[in-house]
Amino acid sequence: VEAVHLIADGKAPRIPQPEEGATYEGIQKKENAEISWDQPASALHNWIRGHDKVPGAWATIDGQVVTFYGSSLLDASVPAGQELAIKGASRPGLITKNGLVVFGNDGKMVLVRNLQFEDGKMIPASKYFSADETTALELTEEEKKMAEDIR
């Protein structure tokens, strides 16, 4: 009760909390979440997982910032896939049917399931090379007639 009265009267002592020993980490910013590739796979996985969802761990691929989401350690033989050059990585990643496989400096692998581009578009990592493919809508003669009638 005494403490409450001191606060209410504006007479409570104010002791600044020292920063030494503080465990709180401030809000992460996107510019500080770039992936440093010279690490073991477990550190890469923890970095990606730790920045999932905000702000998102990222790397530069084809001159574009690509954010990585949904990582897991991969303990298997190197899967078949299409190589993907990643800026700063000593070894190219692999686009496989399960996602993007990236390599730590210890030769172990991390599987990344989703990628997000700068424009906000998110795709499964396994669809990276087919992301730009679009299929044109082709109408049958009957559908073309119906479209004209609707117009």
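**View 1. L94 pairs with V101 across two neighbouring strands.** In this predicted model, the bridge partner of L94 in β5 is V101. That bridge belongs to the antiparallel pairing of β4 with β5, which runs over three bridges. To get from β4 to β5, the chain goes through a hairpin of two residues. β4 has a partner in strand β3 (residues 82-84) as well: these two pair in the antiparallel sense, again over three bridges. Here you can look for L84, whose bridge partner in β4 is G93.

**View 2. Strand β4 is covered on both faces.** Take the residues of β4 and sort them by side: G93 and I95 sit on one, L94 and T96 on the other, and all four are buried. Why would a strand have two sides to sort by? In a regular strand, side chains alternate between the two faces of the sheet.

**View 3. T96 has plenty of company.** T96 is in strand β4, which covers residues 93-96. Is T96 buried or exposed? Its relative accessibility is 7%, and because anything under 20% counts as buried, T96 is buried. Who surrounds T96? Leaving out neighbours within four places in sequence, T96 touches P79, A80, G81, V101, L111 and S126. You've already met V101 in this set of views, as the bridge partner of L94.

**View 4. Helix α2 turns one face inward.** Helix α2 spans residues 41-50, and its buried residues are A41, L44, H45 and I48. If you look down the axis of α2, these buried residues fall within an arc of 100°, so they line one face of the helix. The spacing makes sense once you know a bit about helices: an α-helix has 3.6 residues a turn, so residues three or four places apart point the same way. What do the buried residues of α2 pack against? They pack against strands β1 (57-61), β2 (64-74), β5 (99-103) and β6 (109-116).

**View 5. W37 and F68 bring a loop and a strand together.** There are three aromatic pairs in the model. One of them joins W37 and F68, with 6.1 Å from centre to centre and 55° between the planes, which makes it a tilted pair. W37 lies in the loop between α1 and α2, while F68 is in strand β2, so the pair ties together parts that are 31 residues apart in sequence. Both rings are tucked away: W37 counts as buried at 8% relative accessibility, and F68 is buried at 0%.

**View 6. F117 and Y128 link two loops.** The ring centres of F117 and Y128 are 6.0 Å apart and their planes meet at 35°, so this pair is tilted. F117 belongs to the loop between β6 and β7, and Y128 to the loop between β7 and α3, so the pair ties together parts that are eleven residues apart in sequence. F117 and Y128 are both buried. Add F129 and you have a cluster, with ring pairs linking F117, Y128 and F129.

**View 7. Two charged ends sit over rings.** First, find K53: its charged end sits over the ring of Y69, 4.3 Å from the ring centre. Then find R91, whose charged end sits over the ring of F103, 3.7 Å from the centre.

**View 8. T67 reaches K30 from inside β2.** T67 lies in strand β2 and is buried, with a relative accessible area of 5%. Which residue does the side chain of T67 join in a polar contact of 2.7 Å? The answer is K30, through its own side chain. Setting aside neighbours within four places in sequence, T67 is in contact with K30, G56, A57, W58, N114, L115 and Q116.

**View 9. P18 and K127 give you two loop residues to look at.** P18 is in the loop between α1 (2-8) and α2. With 56% relative accessibility, P18 counts as exposed. The C-alpha atoms of P18 and Q64 are separated by 41 Å, and the two residues are 46 apart along the chain. K127 sits in the loop between β7 (122-124) and α3 (141-150), where it is partly exposed at 46% relative accessible area. From K127 to G99 is 7.8 Å, C-alpha to C-alpha, although 28 residues separate them in sequence.

Technical notes: Residues numbered from 1 in each chain as written. Predicted model: local features only at pLDDT ≥ 70, side-chain atom pairs only at ≥ 80, totals over all residues. Heavy atoms only, no water. Buried < 20%, exposed > 50% of the residue type's maximum accessible area, 1.4 Å probe, protein only. Arc of directions from axis to C-beta. Contact = heavy atoms within 4.5 Å. Pairing = 2+ DSSP bridges. Phe/Tyr/Trp six-rings, centres within 6.5 Å; stacked < 30°, edge-to-face > 60°. Lys NZ or Arg CZ within 6 Å of the ring centre and 35° of its normal. Polar contact = N/O pair within 3.5 Å; in protein donor to acceptor, adjacent residues only side chain to side chain.
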